[in-house]
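Thank you all for coming; I would like to take a few minutes to walk through one model with you. Please look at the view on the screen while I talk.

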Amino acid sequence: MPLYPEQASNFAANVDALMVYITLICVFFAVAITAAIIFFFFKYRRKDPAEVGVPIHGDMRLETAWIAVPLFLALTMFGWGAVVYVDYRRAPLDTLDIYVIGKQWMWKVQQPTGLREINELHVPVGRDVKLILASEDVIHDFSVPAFRVKMDVVPGHYNTMWFRPTKAGRYHFFCQQYCGTNHAIMGGWVTVMEPTDYSAWLSGSSDASANPVVAGEKLFVEKACTTCHLPNGAGRAPSLNGLYGAKVLLADGSTVTADDAYIRESILNPQAKIVAGYQPLMPSFQGQLTEEQIIDLTSYIKSLQSQPAPAKGAGTAPATGKK
Amino acid sequence: MPREHYLNATYGIRSWLLTTDHKRIALLYLASVTFFFFIGGAFATMIRIHLLTPKGFLVTPETYNKLFTMHGVAMIFFFLIPSIPAVLGNFLLPIMIGAKDLAFPKINLLSWYIYLVGGCFVLYSFSTGGLDTGWTFYTPLSSVYSNSAVTPAVLGVFINGFSSILTGLNFIVTVHTMRAPGMTWFRLPLFVWAQYATSIIFILGTPVIAITLLLAGLERMFHLGFFNPQLGGDPILFQHLFWFYSHPAVYIMILPAMGVISEIIPTFARKPIFGYSFIAGSSIAIAVIGFFVWAHHMFLTGESTYAALTFSLLSYLVAIPSAVKVFNWASTLYKGSISYDTPMLYALGFIGLFLIGGLTGLFLACLGLDIHLHDTYFVIAHFHYIMVGGAVMGYVGGLHYWWPKITGKLYPEFLARIAAITLFLGFNLTFFPQFILGYLGMPRRYASYPPEFQVLNVMSTAGASILALGYLLPMIYLTWSMRYGEVAGPNPWPATGLEWQTASPPLTENFDVTPEVTWEPYDFDNRPDLGLDVKGAPSFAHGDD
């Protein structure tokens with residue numbers, strides 16, 4: 001019987017090493033204390049019904065030792081664990097971004113080309129993959145034991161997680177946060193492929209009509225975003241050209257990086273962050289867009305990246321936000 | 001046995017339902033928490049039978065979700081939290097400090113009735129559609145999406161909270177104002193220290209969960225947006241508020257059990273407890289630091305990395321006082337005069353299981369490991385080691401230890417030892433495989449699972465059947481002993497506490513005359529009245545013989 005799942009990501013060996021380290025310390029203490037108890041139990045068993053024990057009230061040196069030593073060991077566990085966690089929470093810069101949407105009780109995955117999968121996720125081996133997680137309803141959790149990663153999928157905002165698959169194969173993923181009736185079958189398979197196979201799979205099964213940029217552009221017109229967000233920046237709202245990934249100067253003087261979460265928030269709750277030089281005029285689209293439509297819009301805004309970016313005197317940042 | 005005691009002082013159903021005697025109220029609680037324990041246990045039995053096969057053996061997924069939810073709600077809110085404080089604490093705390101009753105006897109009775117009303121709401125929820133939110137009531141599942149009877153359950157837990165608050169208040173006031181002459185703070189039995197620390201959590205924590213569940217109920221009933229993002233709420237806010245109480249609630253369950261163990265070990269090792277002030281102080285430290293670790297349940301909700309680092313560090317700090325207790329208990333055995341009586345078997349079993357439960361907490365407090373272990377069966381195994389291996393073993397051990405005091409009768413020792421060993425073995429077989437299941441990645445709260453997890457699940461179910469037997473045995477022989485057991489006498493073990501200075505069962509007023517305390521706790525060497533062979537004691541020790 002295996003004691004640990006397959007090691008199929010950059011985190012797996014690290015997490016397992018941490019597991020072994022803590023297990024060794026804990027087994028040592030558990031065995032030592034149990035052995036002492038069993039030894040005392042037999043050595044000092046009552047021989048005479050009226051016998052009493054030796055009145056020992058305590059020992060300051062022992063108390064100090066068994067506070068200090070466990071504290072030191074606990075801090076090493078904390079430190080090592082913190083290093084792994086911080087690495088996990090900070091995705092590298094150049095990642096393959098894939099959207100994952102949880103809803104009762106299925107997973108919808110959207111590859112960068114717009115290719116959609118249900119309860120399946122294909123990723124190339126050796127590439128840093130970032131999942132951008134959204135929920136249509138309750139809290140879910142996307143978990144891949146073979147990668148030793150998981151992250152809650154929370155309605156109302158994006159969470160992200162990343163990993164680098166290290167071994168081709170098929171691995172379980174699970175919904176790990178209880179989400180109602182069919183929680184136990186809300187799972188599927190991650191398929192890790194060689195990069196060439198992945199590219200071939202991606203182009204072979206791509207469907208042009210599913211292109212999120214095209215869908216996003218259509219929505220952008222339908223929802224009348226074009227009325228204010230003029231490409232030349234002359235409208236009531238900032239131009240969105242070159243927005244994605246840029247630093248945006250806000251009315252309160254702070255700056256924010258325009259990532260997926262920022263764009264999503266600006267669509268659903270436009271008053272949360274106002275771009276410097278603009279009035280808070282934009283209406284909220286809360287309840288009018290599905291998570292998938294928001295992703296389409298975001299994909300469209302990302303595609304505006306390379307176009308010329310005329311600015312409307314709003315700070316030094318490359319032409320910025322919206323509203 | 002005394003001719004008149006609290007059990008036969010008055011007769012009739014009214015004399016019980018309107019009693020203000022803390023000992024009778026303790027027995028009312030004993031009956032009601034036992035009732036909920038068996039309800040929760042029945043749900044657990046069905047869960048384990050269902051998980052015998054990967055596809056699920058017994059019920060639909062919907063029903064399975066209700067089973068684990070109702071198991072959790074019944075066990076946590078209506079058995080574990082009240083068990084030791086409201087049963088053993090109620091019975092013993094006044095006697096241990098030499099008082100006639102708690103400070104507010106009528107409020108004590110009121111808190112039992114509040115518990116009953118809360119319990120009725122929850123039973124109503126269970127029997128009219130059931131509850132499928134998980135005992136954690138996470139929003140927006142509970143406040144928007146669930147189709148089960150959430151509202152009465154939430155109200156039941158809300159109401160029940162006031163019972164805890166009043167009990168905590170009563171205990172704190174009693175310990176401050178009603179100690180007998182000579183009963184200084186550092187002469188208090190460690191059980192009283194543990195109850196005091198628990199009461200602090202009752203008072204400071206319970207209002208938060210009460211309000212939180214009420215907010216979730218209001219969101220469900222009237223669509224007020226507290227937690228639902230579509231109404232402008234934040235589902236993570238619920239988790240912060242929920243765990244602000246519910247993590248300290250773990251200490252509500254384990255601290256009193258630690259108090260029980262701290263009484264049993266000196267009695268059966270017949271020597272003073274090692275490091276009295278460290279054990280007492282660590283109870284308070286756990287109660288205080290325990291309030292600042294809650295977000296370790298939320299490392300993967302997307303909370304900020306800095307918050308995660310802080311809460312991980314604090315979680316490691318709260319482990320230290322627990323370690324201090326274990327070291328001191330083990331050292332108390334050194335050069336003792338150790339007997340194998342049943343309460344001692346429970347105490348040693350407690351140390352072993354709590355050790356595993358506590359040490360596996362170090363795995364979960366570790367940020368890097370929690371990424372993998374969070375919400376797997378590893379967590380299930382960990383907290384059952386604490387709550388069943390720790391709290392329930394402590395409770396059952398305490399019931400045996402004080403049974404002669406409560407009923408005036410001895411239970412059959414041989415059967416009781418068999419039961420203690422059965423419980424220990426059954427428990428380990430049930431829950432140890434779940435650690436491995438968790439590391440292999442099996443998620444919690446799954447009505448069906450991939451076939452590779454089946455062997456370990458079958459082991460766990462086999463263990464659960466042994467465990468069930470271990471719980472039925474004491475039910476039978478303890479009930480039997482109330483009528484047929486040998487008469488115990490005031491101090492059968494013998495032990496040093498004030499509760500053993502009065503008759504078994506005690507008089508309604510506990511003591512004929514208010515006792516005066518002139519000795520240190522667990523000080524066998526200076527207690528010639530116990531009739532023990534005291535070596536090297538001051539000469540007056542033998543004077544009265």
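The contact between the two chains takes 78 residues from chain A and 79 residues from chain B, and I should say at once that we are looking at a predicted model. On the side of chain A that touches chain B, the elements that give two or more residues are helix H1 (12-43), helix H2 (60-89), strand S6, strand S7 (149-153) and strand S9 (169-175) of chain A. Of these, H2(A) supplies the largest share, with 18 residues. If we sort that side of chain A by class, we find 50 nonpolar, 17 polar and 11 charged residues.

How far does the predictor trust the model, in terms of ipTM and pTM? The scores are ipTM 0.91 and pTM 0.90. For chain A, the mean pLDDT is 88, with 92% of the residues at 70 or more. Among the elements of chain A, strand S6 (residues 140-144) has the highest mean pLDDT, 97, and helix H4 (residues 212-222) the lowest, 86. Over residues 308-323 of chain A, however, the pLDDT is below 50, although this stretch has 65 contacts in the model beyond near neighbours in sequence.

Let me turn to chain B, which has 15 helices and zero strands. Its average pLDDT is 93, and 98% of its residues score at least 70, but over residues 536-545 of chain B the value stays under 50, and there the model has eight contacts beyond four places in sequence. Taken along the principal axes, the C-alpha atoms of chain B fill a box of roughly 75 × 45 × 45 Å. The radius of gyration of chain B is 23 Å, which agrees with the value near 24 Å that a compact globule of 545 residues would have.

Within chain B, I would like to single out one pair of helices. The axes of helix H3 (residues 61-96) and helix H7 (residues 190-222) of chain B come within 10 Å and cross at roughly 125°; because that angle lies between 115 and 145 degrees, H3(B) and H7(B) are oblique to each other. The crossing in which H3(B) passes H7(B) is left-handed. Where the two helices meet, H3(B) brings B:Pro85, B:Gly89, B:Leu92, B:Leu93 and B:Met96, while H7(B) brings B:Phe191, B:Val192, B:Gln195 and B:Thr198. By class, this contact has six nonpolar, three polar and no charged residues.

Terms used. Residues numbered from 1 in each chain as written. Chains lettered and ligands numbered in written order. Predicted model: local features only at pLDDT ≥ 70, side-chain atom pairs only at ≥ 80, totals over all residues. pLDDT = per-residue confidence, 0-100. Helix = DSSP H or I, 4+ residues; strand = E, 2+ residues; numbered from the N terminus. Contact = placed C-beta atoms within 7 Å. Nonpolar A, V, L, I, M, F, W, Y, C, P; charged D, E, K, R; others polar. Axes fitted to C-alpha atoms, helices over the stretch in contact; angles between N-to-C directions. Parallel < 35°, antiparallel > 145°, perpendicular 65-115°, else oblique. Left-handed = near helix turned anticlockwise from the far one by under 90°. Rg over C-alpha atoms; globule rule 2.2 N^0.38 Å.
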